[in-house]
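Here are my notes on the model you sent over. Please read them with the structure open.

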Amino acid sequence: MRFNTEKTCLCSSRKIAESAEIRLFLGSPTMRYHSRIKDFVAPKTAQCLAVGWGKKPNTKMLNTYAKQHGIDYFRLEDGFISYLKHPSENDSRLSLVIDSTGIYYDATAPSDLENLLNDKQELPDDLISRSQRTMTAITSNKLSKYNHHLNQHLSDSLHKTLTNVSGDKVLLVDQTYGDMSVEYGLAGEHSFTQMLTAALQEYPETNIFVKTHPDVLKGLKQGYLAHLKETRITLITEDCNPIVLLEKFTHVYVVTSQLGFEALMLGKRVSCFGMPFYAGWGLTDDRVKCKRRVRKRTLLEVFAVSYLLYCKYIDPRTMRLTELESILDYLVDETND
């Protein structure tokens with residue numbers, strides 16, 4: 001990554017520019033780019049970088065400005081192990097992606113993550129061993145992107161319902177309406193309809209469960225599959241630990257949700273109706289294709305690149321950059337208190 005911590009970061013929003021936490025991740029002073037102020041004067045372009053949050057609309061003007069002035073532009077996004085609680089609770093961010101090429105959820109164009117996975121050079125053995133240890137720590141401690149599920153048990157009613165299902169247990173993962181990972185993941189609203197239709201056809205005698213997104217349960221957003229009335233569909237409307245829930249199923253259907261990768265970590269079969277970061281590498285049953293993704297990768301390789309190489313981490317106890325292992329230790333300590 002070509003990120004130069006000695007340069008000032010022009011930020012696409014005041015929220016990014018004023019975040020002391022993000023300044024720690026960037027290792028640079030920040031200032032907001034004022035696209036509507038005609039007399040806006042940035043530091044000399046040789047002393048600048050530009051950063052914006054993912055593919056949000058408010059990043060377009062700064063991206064254009066960066067191109068016009070020959071300034072390197074980076075996209076930011078939360079990492080894959082990101083919060084002790086939930087971001088709506090103003091919780092400390094534990095990880096950040098800083099991508100110089102694109103962003104991991106945008107399958108319409110390359111990203112640093114995709115380029116790393118396409119690279120012909122093999123990953124070192126010690127990194128793969130580390131990948132195995134950290135992935136096992138995540139699954140055994142029931143950790144996820146959000147970790148506000150202190151109770152690592154399903155409710156009695158949901159546990160009983162799942163226990164009474166014989167044969168294959170099938171889970172569909174809903175997402176929030178308008179999620180940018182859907183829009184840029186070679187998918188759309190139709191993808192959720194296709195996913196539902198496929199599951200019903202492929203399991204004609206099975207009751208199928210739908211995992212409602214936690215933001216929908218909190219009343220913050222709407223989902224794509226929240227109002228289903230199909231008799232063989234059961235909506236899971238409790239905000240349960242996703243790892244504990246995924247452990248109960250044999251086949252998981254997703255569009256672009258990160259829960260699909262967590263299901264892979266648990267050894268589940270995963271079908272993708274969009275193109276998330278972990279699809280296209282030979283690990284998933286892909287219902288759409290991405291011609292740029294040409295390598296076959298093992299689960300440990302995808303984990304190593306995405307969780308260990310692509311993300312940066314800050315330990316909230318020290319407010320210093322750290323490695324994923326320290327974040328896992330922190331989450332285990334906090335969730336076991």
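**Notes on the sheet and the cores**

1. This is a predicted model. Its seven strands form an open sheet with mixed pairing. The strand order is 2-1-3-4-5-12-13.

2. Look at the edges next. Strand 2 (30-32) and strand 13 (320-322) each have a single partner strand, so one side of each has no neighbour in the sheet. On average, neighbouring strands of this sheet are turned by 35° against each other, direction ignored.

3. Strand 5 (residues 95-99) meets strand 12 (residues 311-315) in the sheet. The two pair in the antiparallel sense, over three bridges. In this pairing, V97 stands opposite C311 of strand 12.

4. What packs on the sheet here? Helix 13 (residues 324-335) does, and it touches strand 12 and strand 13. The direction of helix 13 makes about 45° with that of strand 12.

5. Now the interior. The largest nonpolar core holds 62 residues. Those touching the most other members are Y104, I138, L245, F261, F303, Y307 and L324. Helix 12 (residues 299-309) gives this core its largest share, eight residues.

6. L245 deserves a look of its own. Leaving aside neighbours within four places in sequence, L245 is in contact with L154, L158, L162 and L171. K211, I236 and C240 are also in contact with L245.

7. Another core lies apart from the largest one. This other core has 19 residues, including A198, Y203, I208 and V255.

Notes:
Residues numbered from 1 in each chain as written. Predicted model: local features only at pLDDT ≥ 70, side-chain atom pairs only at ≥ 80, totals over all residues. Heavy atoms only, no water. Core = buried A, V, L, I, M, F, W, Y, C linked by side-chain atoms within 4.5 Å. Buried < 20%, exposed > 50% of the residue type's maximum accessible area, 1.4 Å probe, protein only. Helix = DSSP H or I, 4+ residues; strand = E, 2+ residues; numbered from the N terminus. Contact = heavy atoms within 4.5 Å. Pairing = 2+ DSSP bridges. Axes fitted to C-alpha atoms, helices over the stretch in contact; angles between N-to-C directions.
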